[in-house]
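Take a slow look at the fold below before you read on. Then follow one sheet, strand by strand.

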Amino acid sequence: SIGREPAVTVGVFAGLSWFVLLTVERGVLREWIQARRATGDFGAPVLVVGGAMASTVAIGHFLADNPFLGFRVSGISCPTSREVVACPYTLYRDQHDVLEQVHRSGSVGVVLDANSLTGSELSAYVHRLQAAGLHVHVSSGLRGVAARRFSVSPLADETFLHIAPIGLSRRQVVAKRMVDVTGAAIALLLLSPLLVVAGLLVWGQDRGPMLFSQERVGKDGERFRLFKVRTMVRDAERLKAQLEAVNARQGPLFKVGHDPRVTRAGRILRASSIDEIPQLFNVLEGTMSLVGPRPALPDEVAQFDEQLNVRLTVKPGVTGLWQVEARDLPSFDLYRRYDLLYVQNWSLGLDLAVIARTMVVVGLRAGAALLPARFRPAEVR
């Protein structure tokens with residue numbers, strides 16, 4: 001058995017190495033595919049079918065706002081609706097057979113709006129479309145409920161869905177805090193050399209302070225000071241009002257595409273996410289978590305409605321679903337959707353998945369930031 005120990009060790013190491021390499025490879029491939037989808041590539045044309053215009057068009061908007069999902073809306077079909085709703089897609093309101101509409105729209109699949117169809121209509125559509133060999137997706141009409149909270153609960157000969165309740169147990173809260181403290185401490189230890197380099201870059205730019213702090217709103221509405229590596233000129237806050245007219249975001253969010261307040265060193269620090277490292281100190285002091293909703297500004301929270309204020313029931317995060325899935329998209333609806341999705345569907349597994357995804361995304365951005373200037377993306381230059 002002694003002779004077998006080295007072989008077992010090598011086998012375990014090889015297995016773990018293969019698992020890590022495969023995970024990274026899949027993450028990189030996923031990022032590449034989603035980036036291509038965001039520009040309109042690899043999108044499967046689908047016809048959205050429903051019984052009410054407002055609800056059906058809303059699904060079309062959802063698919064259009066999330067191009068990385070791989071769908072392209074080729075048309076909206078509402079043959080029985082007489083609503084007058086603005087529709088930017090090709091509209092099929094005639095009584096032609098749905099299969100003919102699929103053919104005319106060039107679709108390869110159909111998305112059904114269960115929220116505006118009767119049970120008999122929905123069943124008829126599903127059976128007919130699948131018999132024709134088409135891909136069929138059904139929108140449940142439920143927003144912000146993750147798939148893991150659903151379970152099939154057949155009652156007699158009907159299929160019902162059970163939805164698990166929202167809420168964290170004390171054990172889950174303790175587990176999340178342990179992951180936060182351990183992860184933040186290890187990350188700070190490993191990333192401290194980058195923090196030193198960032199400080200030297202900032203100081204060399206204008207001889208100003210390395211850190212920038214800003215008041216944000218945390219759990220239960222408590223205010224705290226968020227720390228970041230300074231990436232802008234010293235009087236950036238004063239200059240913000242002059243840029244309101246060119247805000248690239250929707251709703252209360254603010255971001256300028258090529259913000260003139262960002263320094264040359266700041267662009268590199270932002271693109272590589274090195275400027276976010278000091279937030280790990282916020283995690284250690286307990287005002288933030290590794291994963292959670294984006295830490296909002298007080299003037300943003302003042303514009304939140306009652307539903308969005310639910311995000312204040314958990315700590316804000318250094319990273320989160322919105323940051324890794326839709327950070328570069330301007331839609332405020334996506335910001336709302338991903339933050340509420342996280343709050344209502346938290347799990348330790350979800351946190352670990354977001355952290356792993358963040359490592360892939362940050363790694364790709366950091367790699368781009370370190371390229372020679374002429375090869376860098378425009379936002380990094």
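The paragraphs below go from the whole chain to one sheet and then to a single strand.

This is a predicted model, in which local features need pLDDT of at least 70 and side-chain atom pairs count only at pLDDT 80 or more, while totals for chains, interfaces and linings use all residues. Residues are numbered from 1 along each chain as its sequence is written, and side-chain values use heavy atoms, with hydrogens and water left out.

Start with the whole chain. It has 12 helices and 11 strands. Helices (H or I, at least four residues) and strands (E, at least two) are DSSP runs, numbered from the N terminus. Of the 381 residues, 40% are buried, meaning under 20% relative accessible area with a 1.4 Å probe, protein chains only. A contact means heavy atoms within 4.5 Å. Among contacts with a separation of 6 or more, 69% join residues 24 or more positions apart.

Now find the sheet. Its 5 strands form an open sheet in the order 3-2-1-4-5, with parallel pairing. Strand 3 (91-92) and strand 5 (135-139) are the edges; each has a single partner strand, so one side of each lacks a neighbour in the sheet. Two strands pair if DSSP finds at least two bridges between them. In general, strands of a sheet pair through backbone hydrogen bonds, either parallel or antiparallel.

Which residues of strand 4 point which way? Gly109, Val111 and Asp113 point to one side, and Val110 and Leu112 to the other. All are buried. With 5 of its 5 residues buried, strand 4 is therefore largely enclosed by the rest of the structure.

Strand 4 has partners to trace. Strand 1 joins strand 4 in parallel through 4 bridges. Leucine 47 has valine 110 of strand 4 as its bridge partner. From strand 4, the chain crosses through helix 4 (residues 119-131) to strand 5, and this β-α-β crossover is right-handed. That term means that, with the strands pointing away from the viewer, the path from the first strand over the helix to the second runs clockwise. Strand 4 (residues 109-113) and strand 5 also pair in parallel, over 5 bridges. Here glycine 109 has histidine 135 of strand 5 as its bridge partner.

Finally, look at the helices across the sheet. Helix 2 (residues 53-65) lies across strands 1, 2, 3, 4 and 5, at about 165 degrees to strand 2. Helix 3 (residues 98-105) lies across strands 1, 2, 3 and 4, at about 145 degrees to strand 1. These angles run from 0 to 180 degrees between N-to-C directions, with axes fitted to C-alpha atoms, for helices over the stretch in contact.

Conventions: Buried means under 20% relative accessible area, exposed over 50%, partly exposed in between (1.4 Å probe, protein chains only).
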